[in-house]
Amino acid sequence: MKKHIALVPGDGIGPDIVNEAVKVLEVVGKKFGHEFTTTSYLAGGAALDALGIPLPEDTLEGCKKSDSVLLGAVGGPKWDTLASNLRPEKALLGLRSGMGLFCNLRPAILYKQLSDACPLKDEIIGDGLDIMVVRELTGGIYFGERGREGDRAYDTMAYSIPEVERIVRKGFEIAQKRSKRLCSIDKANILNSSQLWREVVEKMKGEYPDVKVSHMYVDNAAMQLVRNPRQFDVIVTSNMFGDILSDEASQITGSIGMLPSASLAADGFGMYEPIHGSAPDIAGQNIANPIATVLSVAMMLRYSFSMAKEADAIEEAVSKVLDGGYRTADIYTDGMKKVGTSEMGTLIAQAL
Ligand code: NAD
């Protein structure tokens, strides 16, 4: 298969980790007989420095024309004082809305080799965690009517049936490919938009008789994630609840440098990126962990290119390198072998 990938390295550690992910992608291409080509585009602070805007037209157009997008991270203290319409983060929102990326997938996986990093007790995590949070990304309270009138301010959470249907459908499809359990999270005891959400899930479950559906209120879900996270497999939820719960789920795995994410459009087109930011404190020092970005490539192969065995091969290679005791500084513990960003990328490529 031939695929063209738009690379948006961004700022801080972005260029370094994207480099390592491309190293791994090239090996996958050779091993499985695919031709992956890439073009790099500017976004975030890098685009502000070069062109004075966070998301150049050329970047959005190039990404739209590609088969998939791999993003590093954007932002940093250098651009923190700019007006909000010029902030590097504007590039992310522009890419998401410009490409119709309404579905955010955030896996929270605790590798057994890194279980020491998990803040929960051993009896709670058992032999590991593997939760997939499916978050609605372009609707709800972050995009509803908002305003400020004197000493009063408001934000509105609104969802339409089609908006709920398309994200819930993704939830069902992903649950079908995993353990066939889907937990829909809402606040239907209070919010109208949540009552509509729950009705849609109930109506759609007949189309997926093989998937076992449950509902949970968001406050209980926040508690259950630390009390008994192994009860969850696939979670589907709205924009704000997903934002909060996916961060909580990622933190219980203990390592921000390990977790990938995907933002998908209806046709399977997607943008893939690590969940962490540009880590300006460690930029340019060859110490950042590239694994989240390498695993983002695995997600790209799985979800946008339907290359399941290639994705499995990357995930197995990462596991093998961890088995070998190799660790970047953020996941290093006594007795392990400390390696830098580029060495970690090379080790994963070699394991492939
Ligand atoms: P961050 O995720 O960049 O860093 C938080 C901490 O985690 C830092 O100590 C950092 O060194 C460490 N860290 C992050 N990724 C790591 C990796 N791969 N390997 C090793 N250590 C890693 O979050 P922050 O400090 O709050 O934000 C820094 C900048 O990134 C800000 O400008 C913020 O707006 C931006 N940001 C961008 C995105 C994105 O592009 N999607 C997401 C979050 C934050």
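Student: Which residue pairs with Glu202 in a salt bridge?
Tutor: A salt bridge here is a side-chain nitrogen of Lys or Arg within 4 Å of a carboxyl oxygen of Asp or Glu. In this pair the closest N and O atoms are 3.0 Å apart. The partner of Glu202 is Lys205.

Student: What pLDDT do local features need in this model?
Tutor: Residues are numbered from 1 along each chain as its sequence is written, and side-chain values use heavy atoms, with hydrogens and water left out. The model is predicted: side-chain atom pairs count only at pLDDT 80 or more, totals for chains, interfaces and linings use all residues, and local features need a pLDDT of at least 70.

Student: Is Glu202 buried, partly exposed or exposed?
Tutor: Buried means under 20% relative accessible area, exposed means over 50%, and partly exposed lies in between (1.4 Å probe, protein chains only). Lys205 has 34% relative accessibility, so Lys205 is partly exposed. Glu202 has 36%, so its class is partly exposed.

Student: How many salt bridges does the rule give?
Tutor: Side chains of opposite charge can pair when their charged atoms come close. Here some pairs join up: Asp80, Arg87 and Glu89 are linked in a network of salt bridges. The count comes to 18.

Student: How far apart along the chain are Arg178 and Asp130?
Tutor: They form a salt bridge, with the closest N and O atoms 3.3 Å apart. Arg178 is in the loop between helix 6 (161-177) and strand 8 (181-186), and Asp130 is in strand 5 (129-136). Helices (H or I, at least four residues) and strands (E, at least two) are DSSP runs, numbered from the N terminus. The pair links distant parts of the chain, at a separation of 48 residues.

Student: Which residue of the Lys187 and Asp219 salt bridge is buried?
Tutor: The two side chains meet at 3.0 Å, N to O. Lys187 lies in the loop between strand 8 and helix 7 (192-204) and Asp219 in helix 8 (218-227), so the bridge ties together parts 32 residues apart in sequence. Asp219 has a relative accessible area of 46% and is therefore partly exposed. At 16% relative accessibility, the buried one is Lys187.

Student: Which residues come nearest to the ligand?
Tutor: A residue is near the ligand if one of its heavy atoms lies within 4 Å of it. There are 20 residues around the ligand. The nearest are Val74, Glu89, Gly277, Ala279 and Asn289.

Student: How many charged residues are in the shell around the ligand?
Tutor: Ala, Val, Leu, Ile, Met, Phe, Trp, Tyr, Cys and Pro count as nonpolar, Asp, Glu, Lys and Arg as charged, and the others, Gly among them, as polar. The shell has 9 nonpolar and 7 polar residues. Its charged residues number 4.

Student: How far is a polar side-chain atom of Glu89 from an oxygen atom of the ligand?
Tutor: A polar contact is a pair of N or O atoms within 3.5 Å; within protein, one must be able to donate a hydrogen and the other to accept it, and residues adjacent in sequence count only if both atoms are side-chain atoms. A polar backbone atom of Ala279 is 2.8 Å from a ligand oxygen. A backbone N or O atom of Asn289 is 2.9 Å from a ligand nitrogen. For Glu89 the distance is 2.6 Å.

Student: What share of the ligand's area does the protein bury?
Tutor: Areas come from the Shrake-Rupley method with a 1.4 Å probe; for residues, only the protein chains shown count as cover. Taken alone, the ligand exposes 800 Å². The protein buries 68%.

Student: What is the phi of Ala279?
Tutor: Most residues other than glycine have a negative phi. Ala279, in the loop between strand 12 (270-274) and helix 10 (291-303), has a positive one. Asn286 lies in the loop between strand 12 and helix 10, with a positive phi of about 55 degrees. For Ala279, phi is near 40 degrees.

Student: How far apart are the C-alpha atoms of Gly76 and Ser278?
Tutor: Gly76 is in the loop between strand 3 (68-73) and helix 4 (89-98). At 10% relative accessibility, Gly76 counts as buried. Gly76 and Ser278 are 202 residues apart along the chain, and their C-alpha atoms are separated by 6.8 Å.
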